[in-house]
Amino acid sequence: MDVGSHLDALARATGHGWAFLAAYGATWLLCAWVWTRANPRTAALATLFQGMVALPAALVLTAAGPDRPDHPVLDDLSVVLATGQLLGLPIVVYLVLSRRYELVPLAMALLLVVHFAPYSWLYRTPLYFVLGTAVALTSVTLMARAERADGPGAQAGAAAVCAGTGVLMAAGAVLALTLA
């Protein structure tokens with residue numbers, strides 16, 4: 001199977017990654033709720049570690065679908081793309097350790113945006129470019145608006161970034177399913 005055929009089969013088998021968008025969208029929305037109920041440190045930690053809930057949920061949702069096609073090189077590439085995001089986590093950990101809790105959702109959104117670009121190629125759809133752009137612009141707009149209203153690092157801005165990201169990812173999951 002050539003690369004193009006493999007990528008087409010992968011996109012069909014995974015529904016263009018809908019399960020990951022849905023699972024992570026749900027955990028981002030949960031984090032938005034935590035930001036409205038908990039202290040900033042707890043909310044920042046929930047945002048930092050939300051992937052520990054989302055990833056297994058996404059894998060379970062994906063396992064319920066058709067088998068992914070095998071292509072050793074592209075399978076390795078998928079792993080690299082998925083784990084590359086981890087390289088930015090020390091920056092987020094630094095924000096937590098330096099008590100800049102309200103910036104954690106913005107930093108996590110940035111990691112997500114960078115993480116999305118290669119998935120447009122992998123899943124053969126511009127959806128991930130569009131989602132990445134939407135998350136970036138929405139996150140900055142919501143944080144800037146909250147900071148103007150409540151001062152730098154506003155907790156409301158952090159909640160809004162999580163909510164906006166969650167809504168966009170959930171909408172992306174629906175769009176990914178319609179592409180399949």
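Trainee: How many disulfides does a search of the whole structure find?

Mentor: A disulfide is a covalent bond between the sulfur atoms of two cysteines. In this model, which is predicted, a search of the whole structure finds zero disulfides.

Trainee: Why is there no bond between Cys-31 and Cys-162?

Mentor: The cysteine sulfur closest to that of Cys-31 belongs to Cys-162, but the two are 5.2 Å apart, which is too far for a bond, given that a disulfide requires sulfur atoms within 2.5 Å. Seen from the other side, Cys-162 is likewise in no disulfide, its nearest cysteine sulfur being that of Cys-31.

Trainee: Is Cys-31 buried or exposed, and how should I read the value?

Mentor: The value to read is the relative accessible area, and a residue counts as buried when that area is under 20%. Cys-31 has a relative accessible area of 4% and is therefore buried, while Cys-162, at 0% relative accessibility, also counts as buried.

Trainee: At what angle do helix H2 and helix H7 pack?

Mentor: Helix H2, covering residues 18-37, packs with helix H7, covering residues 104-122, at an angle of about 170°, and their axes lie 13 Å apart. Because angles over 145 degrees count as roughly antiparallel, H2 is described as roughly antiparallel to H7.

Trainee: Which residues of H2 and H7 make the contact?

Mentor: On the H2 side they are Leu-21, Trp-28 and Trp-35, and on the H7 side Pro-105, Met-108, Ala-109 and Phe-116. Sorted by character, the residues of this contact between H2 and H7 comprise seven nonpolar, no polar and no charged.

Trainee: How many aromatic pairs does the structure hold, and how is such a pair read?

Mentor: A pair of aromatic rings is described by the distance of the centres and the angle of the planes. The structure holds four aromatic pairs. In one of them, Phe-116 and Tyr-128 have ring centres 5.2 Å apart and planes at 80°, so the pair is edge-to-face. Since Phe-116 lies in helix H7 and Tyr-128 in helix H8 (residues 127-150), this pair ties together parts that are twelve residues apart in sequence. Both rings belong to buried residues, with a relative accessible area of 4% for Phe-116 and 3% for Tyr-128.

Trainee: What kind of aromatic pair do Tyr-119 and Tyr-128 form?

Mentor: Tyr-119 and Tyr-128 form a tilted pair, with 6.0 Å from centre to centre and 45° between the planes. Tyr-119 is buried as well, having a relative accessible area of 10%. Taken as a group, Phe-116, Tyr-119, Tyr-123 and Tyr-128 are linked by ring pairs into a cluster.

Trainee: Where does Ser-139 lie, and which residues is it in contact with, leaving aside its neighbours within four places in sequence?

Mentor: Ser-139 is found in helix H8 and counts as buried at 3% relative accessibility. With its neighbours within four places in sequence left aside, Ser-139 is in contact with Leu-106, Ala-109, Val-161 and Thr-165. Ala-109 also appears among the H7 residues that make the contact with H2.

Trainee: Where does Ala-38 lie?

Mentor: Ala-38 lies in the loop between H2 and helix H3 (40-49), and at 23% relative accessibility it counts as partly exposed. Apart from neighbours within four places in sequence, Ala-38 is in contact with Ala-43 and Gln-155.

Notes. Residues are numbered from 1 along each chain as its sequence is written. This is a predicted model: local features need pLDDT of at least 70, side-chain atom pairs count only at pLDDT 80 or more; totals for chains, interfaces and linings use all residues. Side-chain values use heavy atoms; hydrogens and water are left out. Buried means under 20% relative accessible area, exposed over 50%, partly exposed in between (1.4 Å probe, protein chains only). Axes are lines fitted to C-alpha atoms, for helices over the stretch in contact, and angles run from 0 to 180 degrees between N-to-C directions. Helices (H or I, at least four residues) and strands (E, at least two) are DSSP runs, numbered from the N terminus. Angles under 35 degrees count as roughly parallel, over 145 as roughly antiparallel, 65 to 115 as roughly perpendicular and the rest as oblique. Contact means heavy atoms within 4.5 Å. Ala, Val, Leu, Ile, Met, Phe, Trp, Tyr, Cys and Pro count as nonpolar, Asp, Glu, Lys and Arg as charged, and the others, Gly among them, as polar. Rings of Phe, Tyr and Trp (its six-membered ring) pair if their centres lie within 6.5 Å; planes under 30 degrees apart count as stacked, over 60 as edge-to-face and the rest as tilted.
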